[in-house]
Amino acid sequence: MTVAPETGSTTVGTTHLPRYDDDAPPPVPRSSLGRPTADERFVQIGTWVSGFGLAWLLTQRLLPLGGLPWFLVAWFACTLLVTTVTSGMSGGLVEVRDRIAANVITVGALVVGAVLVSAIVFVALRGWRPLMHLNFFVDDMAGVGPKDPFDRGGIAHAVIGSLLQIAIAIAITLPLGIGTAVFMSEVGGRFARIVRTVVEAMTALPSIVAGLFIYTVFIVALGYPRSGLAAALAIGVMMLPIIARAADVVLRVVPGGLREASLALGASRWKTVWHVVLPTARPGLATACILGIARGIGETSPVLLTSGNAQFFVTNPTDGVMNSLPLFIYSTVRSGEPNAIARAYAAASVLLAVVLILFVTARLVARPKRAKNRRGGRPSPAVDVVHADPLVGMGQVQPSDRTEENS
Amino acid sequence: MTTLPLQDDAATDVRPRKISRKATGADAVFVHSSRLVGATVLVITGGVGIFLGWQAFPTLRHYGFAFFTEESWQPEADVVGIAAALVGTFSVALVAMSIAFPLSLLTALYISEYAPAKMKAFLVSMVDLMAAVPSIIWGLWGFGLIMPHAARFALWLQQNLGWIPVFQVDADPDAAVWDASRYTASAFCAGIAVAMMVLPMSCAVMRQVFSQTPPGEKEAALALGATRWGMIRSVVLPFGRGGIIGGTMLGMGRALGETIAVLLIISPAFEVKGRILEIGTNTISALIAGRFGDASATQLSALLAAGFVLFIITLIVNTIAAVIVNRSRSGAETDA
């Protein structure tokens, strides 16, 4: 604190202590930065409450707009209106815009969340009754009509069919897909660039066209019957570019320094790939594969064309028609019988549970180990589901970006 | 005592070790076998594309350009065309995108700018989970939960915005008992289900690009007194423009090829139709799924031609999207 020296004073440089006013009110504690104050929070909550009241008045008393959807829309509109008024009272146009944008963006995200929850809850609610019977998980549908009660018949044959088909598809696509990714990112060259271009182009292949391809070649031209093997091949044709591309994205995230260190220490290229690159990328590769499996197991259209529809246990994939979960859902839900439709929804809940389990596994596998990283262990390239999706994982993925997002 | 290495004067002819990039031993095996795998995959994936084109060729030559302009699909009468399905494919995809685009943009903005820091990782995995939900589940959701409400909304649209040609329905809007069946199973209903399928994808791309916005520029905007929305509008949105466009087009690419949800919801109709609220439409993928069973050889090749057209459209859309997304990322180094 600087005090202007008094003119004409002889005592230059005396220190003036500030005087404290003992009667002054205690200082207000400063609220933390960036947090809304109690005032603002009150206005925010009050806005939503008054919007609720206005909407109730509008839809239930004034206008002939019955039903929950109209009420929600009116609530949103009234809240925006009240927000405009309240923020206009305290600030200018800039503040009004800011508040309205915040409300609109939050509601948009809420709508998306509600959609996801509604889909899961809806499927589970429609299908919970068959799920209560144990035979639903251990029986097949042989001799069970669409009108039969829930204590007869089950979807074990569809589950087994799905698992067999996905196992065959994985056995084909995994070595080929990861091998191609290794070739594209580790060997390189002009030929690798051609392969990459073609693989990227083929990720655009709609799944129904993959199914139609196998149907035309394998079933019509070569004369094999519809079977689980054909379905597995169709899923494989669909998944191969997806897995190859996802694995390629993951391998590109491996830091080049690790490769160079290994080569500089005298390891051969093969040893570098086997002992350095692949172990580093293991969590990412696992995620990519699990997500490929989740995609393959839920895909209906290739199976619809190639596998046929069996109502009984089929364990030999080359031996005629075979059922699978998505196909069972699709064919049963169209039957029109309430019991059959409930069975379809129950099967859909099972499918959803399978995908959910795969998803959580992928998350756990891909989770970066923080404690290890801090001690200087190698960072594991974690992969988002959607970024393991080759259609999304466009271009170079920056490793720094990954770690920041997943931590 | 240090011993110096003896210089052998006889061996003056020391040549530097030959350096070659050619792989030897196990490396040669590795390089060649991985090249073999790559070639196999090239043959498989490229084979599918070439096979489709090769099968489509006779059909396109036989029907000529009429294949794209003919509405009906009557192989018995040798009249086959995909005009109706092509228009239907695009109308379903456009409905889907007009729903998915605003929602995914808002969700991406919420996750990257508004969500509390602790919630962020959770919300990101929720969007990812949404992407992993099988399409048949979205089909069931659209068919069972949304379609009745969508039909009612379609009626309201017709009553209030019926003068716009797109919202016209061939039914009396003021009937005492409205004919609900005229408003269901439409491109609009299918579009809602498809929107939920493509939403997480475009949302993920947008969020990814938003999260790469240089923090220096964001903080500069805030320090100059911008509100949060002002910061978003002046920094985040311009920076992420490429991601917004590219993500939307990627979603479009998937919406075009979606089969099972559409097949579950629509009732097939073979006419070029702009009235998206009215019952009956068709898409190329639904056409294939519905017609492959009783197909003869020529019909099968016509279906393959339709599939080839769909593949080419998807490929073009995806390629443009990839170019746009990549170009937007190249600006990521403008950090302050």
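**Exercise 1. Domains of chain A**

Task: Determine how many residues of domain 1 of chain A are in contact with domain 2 of chain A, and how many on the other side.

Solution. Four residues of domain 1 of chain A are in contact with five residues of domain 2 of chain A, a contact being two residues whose C-beta atoms, placed from the backbone, lie within 7 Å. The side of domain 1 that touches domain 2 holds three nonpolar residues, one charged residue and no polar residues. In this scheme Ala, Val, Leu, Ile, Met, Phe, Trp, Tyr, Cys and Pro count as nonpolar, Asp, Glu, Lys and Arg as charged, and the others, Gly among them, as polar. Domain 1 spans 38-126 and domain 2 spans 156-406; such bounds come from an automatic or database domain assignment.

The model is predicted: local features need pLDDT of at least 70, side-chain atom pairs count only at pLDDT 80 or more, and totals for chains, interfaces and linings use all residues. Residues are numbered from 1 along each chain as its sequence is written, while chains are lettered from A and ligands numbered from 1 in the order in which they are written.

**Exercise 2. The contact between the chains**

Task: State how many residues each chain gives to the contact, and find the helix of chain A that gives the most.

Solution. Step one: chain A supplies 82 residues and chain B supplies 79 residues. Step two: on the side of chain A that touches chain B, helix 3 (residues 93-126) gives the most, with 21 residues. Helices (H or I, at least four residues) and strands (E, at least two) are DSSP runs, numbered from the N terminus. Step three: by class, this side of chain A has 59 nonpolar, 13 polar and ten charged residues.

**Exercise 3. Helices 2 and 3 of chain A**

Task: Set the span of each helix against its expected span, then list what covers the buried residues.

Solution. The expected span is 1.5 Å times one less than the number of residues. Helix 2 (residues 68-90) has 23 residues and reaches 33 Å from its first C-alpha to its last, close to the expected 33 Å. Helix 3 has 34 residues and reaches 48 Å, close to the expected 50 Å.

Next, burial. A residue is buried if 20 or more other C-beta atoms lie within 10 Å of its own, exposed if 12 or fewer, and partly exposed in between, with C-beta atoms placed from the backbone. In helix 2 the buried residues include Ala74(A), Trp75(A), Cys78(A) and Val82(A). Their cover includes helix 1 (38-62) and helix 3 of chain A. In helix 3 the buried residues include Val96(A), Asp98(A), Arg99(A), Ile105(A) and Val112(A). The cover here includes helix 2 and helix 15 (338-366) of chain A, together with helix 3 (83-114), helix 5 (135-161), helix 6 (187-211) and helix 8 (228-239) of chain B.

**Exercise 4. The nonpolar cores**

Task: Identify the residues of the largest nonpolar core that touch the most other members.

Solution. A nonpolar core is a set of buried Ala, Val, Leu, Ile, Met, Phe, Trp, Tyr and Cys residues joined through C-beta atoms within 7 Å. The largest has 206 residues, and those touching the most other members are Ala234(A), Ala347(A), Ala348(A), Ala193(B), Val194(B) and Ala306(B). Helix 9 (residues 228-253) of chain A gives the most to this core, with 20 residues. At least three residues come from each of domain 1 and domain 2 of chain A. A second, separate core has five residues, among them Ala55(A), Ala74(A), Trp75(A) and Val82(A).

For one member of the largest core, neighbours within four places in sequence are left aside: Ala306(B) then contacts Ile82(B), Ala85(B), Ile284(B), Leu287(B) and Ile288(B).

**Exercise 5. Two residues**

Task: Decide whether Leu285(A) is buried or exposed, and do likewise for Ala223(B).

Solution. Leu285(A) lies in helix 12 (residues 282-298) of chain A. Leu285(A) counts as buried because 26 C-beta neighbours lie inside 10 Å. Beyond four places in sequence, its contacts are Ile178(A), Ala247(A) and Val250(A). Ala223(B) lies in helix 7 (residues 215-223) of chain B. With 9 other C-beta atoms within 10 Å, Ala223(B) is exposed.

**Exercise 6. Chain B as a whole**

Task: Give the helix and strand counts of chain B and its radius of gyration.

Solution. Chain B has twelve helices and two strands. Its radius of gyration, taken over C-alpha atoms, is 28 Å, whereas a compact globule of 336 residues would be near 20 Å; the globule rule is 2.2 Å times the number of residues to the power 0.38. Buried residues make up 51% of chain B.
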